[in-house]
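Here are a few friendly notes to read with the model open beside you. Take them one at a time and find each residue as you go.

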Amino acid sequence: MSGTGNDSVDFGFRDVARVDKARLVRRVFDSVAPHYDLMNDLMSFGIHRLWKAALVRALRPYSGMALLDVAGGTGDIAAAAARKGAQAIVVDINEDMAAAGRDRAVDRGYLDIGWAVADAEALPFPDMSQDAVTIAFGLRNVTGREMALAEMRRVLKPGGRFFCLEFSQVEAQALNALYERYVFGALPRLGALVTGDANAYRYLAESIARFPDREALAAGMRAAGFVRVGWHIFSGGVVALHQGWRL
């Protein structure tokens, strides 16, 4: 799932040294952090909010739920869960993203969300400490996906649930052709216009194309120890919500 060999991993359409991917991804998100939420709205026509709302509905947050939102960016998932009483912590490897999310949460009055700068492959939380773990549009950017999946399972309590919202494979051939033209053509130009960085959104398009398909991701989740693994697609397969349990 995470690369072509022991010493290289995918970074968009390039294979790079495993030790370099985190730095390259960090550079991408350092560049886009100030405009991250705006670009999400523009490039998805606001539909990303519906996809994330579907994740939160599946999560069914409740008062006192211990929730870890990995690669949580600016904290959309954590804020929605916190509104239902969850005790949410956002983890992101990128300091600029975490800072932007923390500032946004404070501005909106979400003062009880926790924030941590950490790698998904080495989560600084005890074994069996979380009721749920989520990761939305972040697993593509992780260097060692197998290790990250194992870590997210490790911190779950028995009976805890894992949710991964990620770009997927469009099912209709005609729609897929239009989607690829949009992702590879329009998105980098939009990114250049809004953020001044076309390459960051070219990487986004390439990382979507290189990401494992739904069956392969499900197999990786099972290999990490998750059970009752399944998924639900949205927008014709543009996005899939994967889920599994720790028993």
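1. Please keep in mind that this is a predicted model. A good place to begin is the largest pocket, where helix 1 (18-32), helix 2 (36-44), helix 3 (48-59), helix 7 (173-195) and helix 8 (198-210) each contribute at least two lining residues.

2. How much space lies in the largest pocket? The answer is about 550 Å³. Its lining is made of 29 residues, and M43, S44, W51, F167 and L187 are the closest to the centre. Sorted by class, this lining holds 22 nonpolar, 5 polar and 2 charged residues.

3. Now look for the second largest pocket, with a volume of about 320 Å³. Of its 23 lining residues, V25, A71, I93, N141 and V142 sit nearest the centre. Two elements, helix 1 and strand 4 (87-92), give two or more residues to this lining. Helix 1 provides the largest share, 4 residues. By class, the lining splits into 14 nonpolar, 5 polar and 4 charged residues.

4. Next, see how helix 1 meets helix 8: their axes come within 9 Å and cross at roughly 125 degrees. An angle between 115 and 145 degrees counts as oblique, so helix 1 is oblique to helix 8. The crossing is left-handed.

5. Which residues make this contact? Helix 1 brings K21, V25, V28 and V32, while helix 8 brings A200, Y201 and Y203. By class, 6 of the contact residues are nonpolar, 1 is charged and none is polar. You may recognise V25 of helix 1 here, as V25 is also among the residues nearest the centre of the second largest pocket.

Conventions
Residues are numbered from 1 along each chain as its sequence is written. This is a predicted model: local features need pLDDT of at least 70, side-chain atom pairs count only at pLDDT 80 or more; totals for chains, interfaces and linings use all residues. Side-chain values use heavy atoms; hydrogens and water are left out. On a 1 Å grid over the protein atoms alone, a cavity is a set of points where a 1.4 Å probe fits but cannot get out, and a pocket is an open set with protein on both sides within 12 Å along at least five of seven lines; lining residues have an atom within 4 Å of a point. Grid points are joined across faces, edges and corners, and a volume is the space filled by probe spheres set on the points. Ala, Val, Leu, Ile, Met, Phe, Trp, Tyr, Cys and Pro count as nonpolar, Asp, Glu, Lys and Arg as charged, and the others, Gly among them, as polar. Axes are lines fitted to C-alpha atoms, for helices over the stretch in contact, and angles run from 0 to 180 degrees between N-to-C directions. Angles under 35 degrees count as roughly parallel, over 145 as roughly antiparallel, 65 to 115 as roughly perpendicular and the rest as oblique. A crossing is left-handed if the near helix is turned anticlockwise from the far one by less than a right angle, and right-handed if clockwise. Contact means heavy atoms within 4.5 Å.
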